[in-house]
Amino acid sequence: MPVTVLLVDDEPLVRAGLRAVLEAQPDIEVVGEAADGAAVIPLVRRLRPDVVAMDVRMPLMDGIEATRAVLRTVDRPPKILVVTTFENDEYVYEALRAGADGFLLKRARPAEIVHAVRLVAEGESLLFPASVRQLAAEYGDDGGNRAARAVMERAALTDREGEVLRLMARGLSNAEIAGQLIVGTETVKSHVSAVLAKLGARDRTQAVIAAYESGFVAPG
């Protein structure tokens, strides 16, 4: 089955460009488009895309609010890939905090766009880990978020789970973590699932954001 994608951007040329790049791939299908975040929820419910590629800045409802709305109201929500003009943007970090699974620059090369959609759909690696770390260092609470610290303390991660979380923050895939720890991939998947469950995180990105904001992992 192809990865299905919904494009959400107020610029028709951006949507057209993304559609052309993605539909050139045999394993990706663009199932719909919207010009504003306010239109996302009914389209997601009707089209059930695997990934929503969503502009972070739109006139009526921006990508941050749209992300929150989708995650709050849609059962089995899609992965959300924020599309942005600027990499080092507080809006991007707020979208990640709101629940977005990753971000993509509008100036990205076609191969990078395709890779980002596939990676977010698979959910087994962190997209652009160095950039997420930089955003956390600049806009995160850097260990000062009491709520994040409380969540981390309640999670009571085991030593091995803590190791896995730190490697997740570096952007390693399950296979790469398995090689680093000299364990099987299925064992890593079990540890990742345990980390997400204990932190109440829906995916790796949210777990890593929590790790940075609680001070469990230093973003610098």
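Mentor: Contact, to get us going, means heavy atoms within 4.5 Å. Helices (H or I, at least four residues) and strands (E, at least two) are DSSP runs, numbered from the N terminus. The model you're looking at is predicted: local features need pLDDT of at least 70, side-chain atom pairs count only at pLDDT 80 or more, and totals for chains, interfaces and linings use all residues. Residues are numbered from 1 along each chain as its sequence is written, and side-chain values use heavy atoms, leaving out hydrogens and water.

Trainee: Let's start with H5, then. Which strands and which helix do the buried residues of H5 pack against?

Mentor: Buried means under 20% relative accessible area, exposed over 50%, and partly exposed in between (1.4 Å probe, protein chains only). In H5 the buried residues are Ile 113, Val 114, Ala 116, Val 117, Leu 119 and Val 120. They pack against strands S1 (3–8), S2 (28–34), S3 (51–55), S4 and S5, and against helix H1 (12–23).

Trainee: How far apart are the end C-alpha atoms of H5?

Mentor: Work out what to expect from the rule: 1.5 Å times one less than the number of residues. The 13 residues of H5 should therefore span 18 Å, and that agrees with the end C-alpha atoms, which are apart by 19 Å.

Trainee: And which residue follows H5?

Mentor: Look just past the end of H5 for a residue with a positive phi, near 70 degrees. The residue there is Gly 123.

Trainee: Switching to the nonpolar cores, how many residues does the largest one have?

Mentor: A nonpolar core is a set of buried Ala, Val, Leu, Ile, Met, Phe, Trp, Tyr and Cys residues joined through side-chain atoms within 4.5 Å. In the largest, the residues with the most contacts inside it are Val 8, Met 54, Leu 165, Met 168, Ile 177 and Leu 199. Its residue count is 53.

Trainee: How many residues are in the second, separate core?

Mentor: Ala 53, Leu 81, Ile 113 and Val 120 are among its members. The count for this second core is 22.

Trainee: Now H10. Where on the helix do its buried residues fall, seen down the axis?

Mentor: The buried ones are Val 188, His 191, Val 192, Val 195, Leu 196 and Leu 199. Take the directions from the helix axis to the C-beta atoms; these residues fall within an arc of 135 degrees, so they line one face of the helix. That fits a general rule: an α-helix has 3.6 residues a turn, so residues three or four places apart point the same way. Glu 186 and Ala 197 are exposed on the other side, while the buried residues are on one face.

Trainee: What covers the buried residues of H10?

Mentor: Those residues include Val 188 and Leu 199. The cover includes H7 (146–155), H8 (159–169), H9 (174–181) and H11 (204–214).

Trainee: Lys 198 sits in H10 too. Is it buried or partly exposed?

Mentor: Lys 198 touches Ala 155, Ala 156, Leu 157, Thr 158 and Glu 161, not counting residues up to four places away in sequence. Still, its relative accessibility is 32%, so Lys 198 counts as partly exposed.

Trainee: Which residues form an aromatic pair?

Mentor: Rings of Phe, Tyr and Trp (its six-membered ring) pair if their centres lie within 6.5 Å; planes under 30 degrees apart count as stacked, over 60 as edge-to-face, and the rest as tilted. A search of the whole structure finds one pair. At 5.8 Å centre to centre and 55 degrees between the planes, it's a tilted pair made by Phe 103 and Phe 128.

Trainee: How many residues apart in sequence are the parts this pair ties together?

Mentor: Phe 103 is buried, at 1% relative accessible area, while Phe 128 is partly exposed at 30%. Phe 103 lies in S5 (102–105) and Phe 128 in the loop between H5 (110–122) and H6 (129–139), so the parts are apart by 25 residues.

Trainee: One last thing: which residue in the loop between H9 and H10 has a positive phi?

Mentor: Most residues other than glycine have a negative phi, and most peptide bonds are trans. Here phi is about 55 degrees although the residue is not a glycine. The residue is exposed, at 76% relative accessibility. In that loop, it's Ile 182.
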